[in-house]
Each structure stands twice: as structure tokens, then as C-alpha cells.
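Here are my notes on the model you sent over. I've kept them as numbered points so you can tick them off with the structure open.

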Protein chains: 2
Amino acid sequence: MPDQPKYQRRKEDRPREIADAAFEAFAEKGYAATRIDDVAKRAGVSKGLTYLYYKTKEDLFKAVVRNVVVRRIDSLIGDVESTELSSEEFIRGPLLGFMQRMPGSPIAIVVRLLIAEGRRHPDLVDYYYDNVVARGLAAIRDFIERGVERGEFRPAARELQPQLLVAPVMLSMIWRLLFADKSLDTDRLMESQIDMLLAQIKA
Amino acid sequence: MPDQPKYQRRKEDRPREIADAAFEAFAEKGYAATRIDDVAKRAGVSKGLTYLYYKTKEDLFKAVVRNVVVRRIDSLIGDVESTELSSEEFIRGPLLGFMQRMPGSPIAIVVRLLIAEGRRHPDLVDYYYDNVVARGLAAIRDFIERGVERGEFRPAARELQPQLLVAPVMLSMIWRLLFADKSLDTDRLMESQIDMLLAQIKA
DNA sequence: CCACTTGCTGACCGTGGAGTCATCAATTAT
DNA sequence: ATAATTGATGACTCCACGGTCAGCAAGTGG
């Protein structure tokens, strides 16, 4: 019988593993209903260890949100800035695709957690606003500006509120979170919105 | 010194009073973080009494949601059906006004509660879907159908997803719930959406 | 005025979960 | 080898909160 140690020390990997397990648990049950014991079990770790890396449950929560957020955002915004496509092609292609993936992505979970718990974690809301919302909206505005300069969009396009593009994504997220069973063609919803927007701003 | 009784018996009013207090408390702290003791205090009542009228905290939660929902919906949908205005006038007038009031109304609070707690109360989600979402969407569809029959809208308007009208309302709700401080002209957002939609479906 | 009903109170109970810490054992240093 | 270090464990504490219930007093009927 080989000498199996009861555990290995893995100082480097633990925090990430615990945060990932916590994300799963929060996603399933929400913040309040999640037990630290359960998080520890999922991570294959004892409850006490969780407290070595995260001083409180709230700390863990914040780490989870920051974690998901930073992992996703940069690549996305990079894409927008480095494309060689025409504005319309980009919108109808990569951008639409990205929007359509949002409702099924971890970002949707984070949105739910923030809506549910945001009030009691204002600094987390600020963090999310600065790193996701503000940057996302700015990227859209820059993109439109570029389109105007290239002559692809009418100058009046500058007046467009970027939130008009986001609204159907938001609705689709909420719809799926609440009414997973009731069908709604969220892909078509976003396509229609883009059709309308383009019709209005194209040169 | 007048003989002040310690309390009055008010069998009829208690349930409503308690439910209203609970709504306030849930709105401020969310379901999980709300203490029955706190609800009772707000209602000026002892904790025990709460349990006389609502057997569990969950019961109370459901009563609160149903309460808010039924108080609001009927009048709204009545308006849509009984108007004498042209379709465009109705949309730009009463409907837009209603949409603009939504984000500040108790419905927004209910939406937050449902997003946060919906998973663990599927029957409540169903109730909300049947009584608010389904009826609301049906009303919009009927209204469009009527517009088509009157020749105000193109027949293709029938293909329009009613959720396109709701999306900016949803986004505005969430925005205000999370980012009360960061400004966003939600009224203009809805107006723009209506402009775009009308441009597309008007005969 | 008294007897009776019942709306209402608040002290109490049990549970479960956040957070602690004495101790163990894997790893590293000597 | 042996000692020192520290990652990791899990039994334990503490207490907050949902839910109970024996008793009290406001209302009611005779």
C-alpha cells in the first residue's frame, strides 16, 4: 500500500481553487445561502483553510467577483479596437456574437450576484462599474466615433446612447436567469436591435 | 393620566400592515438579510404576531410579491385597452410615461427580489410570469395587431418582438438599482427606442 | 360587573452556520 | 537525520435568527 499523504501543500493554487469553488456555489445558491463548508467541500479542502486565504465570507465574495471580471473583460475590449473589418461587418459579426454569448456566460452570474447583493457591497459595485460598465460603454463610443470619422456613420450617430445596444443583452440575461424554461429567441432580439440601430446611424 | 391600552386589536388591518413593512424591509436589505424581528418592529407589532398571519418567512415573502403585483398590473393593462388615441399618440404618450415610471416603482423592487431569490421560489417566478410578463407581452402584441388592422402599422409589425420595447425599461431598472449615483438619461433611452421602433413599423 | 374569547406579546428554544484555534503533518533548512 | 516552518485540518465556540407558546389583556356578550 503506497504511502498516500493525506493532502499536499499547494500554497500557490489554493486561492484560485477556492475562489472557483465559491463561484460555483454562489452561482447555484446565491451569496447568503452558500455555506463556507460547502465551498470548502467543493474545493476539496477543509473549512479552516478557506479562512487562511480569505478572512471573511465577504472577502471571498469580492475576490470571486473581481476574479471573473478581470478574466473576461480585457480580451473582449482588445478585439473591438484591433479589428480590420468595416464598422457594419464588425457589428454584425464579432460584436453580435459576443452579445449573444453574454447571457450564458459567467458575467451573467456576476450580474445576478451584484443585483442581489450590490446594496451591501458598494465598493464592489464601483469596481464593476469602473472595470466593466464604464470601459464597455467607452469602447462602444470610441467605435462609433471611428465609424463617423471613416464616413460609415452619420455624424448624428455620436448622440446615440451606447446603452441602447446593451439593453437587449441585459433583458436576455435576466430572462434566462428567471425564465430558463420559457422560450425567447434572444439571438433574434439582439439582431433586430442591431438592425434598427444601423438603419438609423448608417451614412 | 389617561388609560392608554398597550395595543389595539386590529385583526383586519394587521396582514396588510405587516406585508407593507416587510416590503420596505425586503427592499432595503433583500430577503435573506431581513429579520422577522425587524419587520415586526416596522409594523409596530410583536414578532409573534407576524407568525399568526404568515406561517413562515417564505409565506410572507410570497404575500409581499403578490401584493405588489396585483395592486399595480390591472389598471395599467386596462389603460392600454381602453384608449381612444391613435397608436402612435398612445405610444408616445401614456405608454412612454408608464415605461418611464417603471424604474422608480415598486415593480422594480420586486424584479430585484425575484432575480435574487427566484431560484428558490419557482412558483413565485411562475406567478410573476403569468400575471405580469405574459399579460404585459400579450397586451403589447394585441396593441400592435390593432394598429395593423387600423392601417397605422405595416403588417410586418406583427413580427416584432415585444421584448424590444421592454429591454430599455429593464436596463433602466437595473441601472438605477445598482448605479443610483451614476447618471443615465433613462427617459431619453426609452424615447429613442420608441423612435426607432416606430420608424420601423409605421405604415 | 363578570366570564369568556381571542388578538397579541415577548421570553424562550433549537439550529445551523460564521469564524477560531490547538494540533497535526508535509515540506524545507541545516 | 533532525529540527524548524507553515500549510492544512476539523472540533469547537458563539450567537443570530426562525419559529413556538404560555400567558396577558383588549374587546364582547350576557
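1. Let me start with S192(B), which counts as buried because its relative accessibility is 17%. (Buried means under 20% relative accessible area, exposed over 50%, and partly exposed in between, with a 1.4 Å probe and protein chains only.) S192(B) sits in helix 9 of chain B, residues 186-201. Helices here are DSSP runs of H or I with at least four residues, strands are E runs of at least two, and both are numbered from the N terminus. If you set aside neighbours within four places in sequence, S192(B) is in contact with Q161(A) and L164(A), where contact means heavy atoms within 4.5 Å.

2. Some housekeeping before going further. This is a predicted model, in which local features need pLDDT of at least 70 and side-chain atom pairs count only at pLDDT 80 or more, while totals for chains, interfaces and linings use all residues. Residues are numbered from 1 along each chain as its sequence is written, chains are lettered from A and ligands numbered from 1 in the order in which they are written, and side-chain values use heavy atoms, with hydrogens and water left out.

3. Next, have a look at G97(A). This glycine is in helix 5 of chain A, residues 87-101, and it is buried, with a relative accessible area of 18%. G97(A) and L76(A) are 21 residues apart along the chain, and their C-alpha atoms are separated by 11 Å.

4. On to DNA strand C. Which residues come closest to it? Of the 22 residues that surround DNA strand C, the closest are R35(A), Y7(B), R9(B), R10(B) and Y53(B). (A residue is near a molecule or strand if one of its heavy atoms lies within 4 Å of it.) Sugar and phosphate make up 65% of the strand C atoms that come within 4 Å of the protein. The residues of this surface split into 8 nonpolar, 5 polar and 9 charged. For those classes, Ala, Val, Leu, Ile, Met, Phe, Trp, Tyr, Cys and Pro count as nonpolar, Asp, Glu, Lys and Arg as charged, and the others, Gly among them, as polar.

5. Helix 3 (47-53) of chain A and helix 3 (47-53) of chain B each supply at least two residues of the surface near DNA strand C. Helix 3 of chain B gives the most, with 3 residues.

6. Now the polar contacts to strand C. (A polar contact is a pair of N or O atoms within 3.5 Å; within protein, one must be able to donate a hydrogen and the other to accept it, and residues adjacent in sequence count only if both atoms are side-chain atoms.) A polar backbone atom of R10(B) is 2.5 Å from a phosphate oxygen of DNA strand C. K47(A) goes for a base instead: a polar atom of its side chain lies 2.8 Å from a base oxygen of the strand.

7. T34(A) deserves its own point. A backbone N or O atom of T34(A) is 3.2 Å from a phosphate oxygen of DNA strand C. The residue is in the loop between helix 1 (14-29) and helix 2 (36-43) of chain A, and it counts as buried because its relative accessibility is 2%. A polar atom of the T34(A) side chain lies 2.6 Å from the backbone oxygen of G30(A). Not counting residues up to four places away in sequence, T34(A) touches A25(A), F26(A), K29(A), V39(A) and K57(A). A22(A) is 12 residues from T34(A) in sequence and 8.4 Å away in space, C-alpha to C-alpha.

8. DNA strand D has 23 residues around it, and Y7(A), R9(A), R10(A), Y53(A) and K47(B) come nearest. Sugar and phosphate account for 66% of the strand D atoms that come within 4 Å of the protein. Helix 3 of chain A gives the most to this surface, with 3 residues, and the surface residues divide into 8 nonpolar, 6 polar and 9 charged.

9. Two backbone contacts to strand D phosphates are worth checking. One has a backbone N or O atom of R10(A) at 2.4 Å from a phosphate oxygen, and the other has a backbone N or O atom of S46(A) at 2.7 Å from a phosphate oxygen. On the base side, an N or O atom in the side chain of R9(B) is 3.1 Å from a base nitrogen of DNA strand D.
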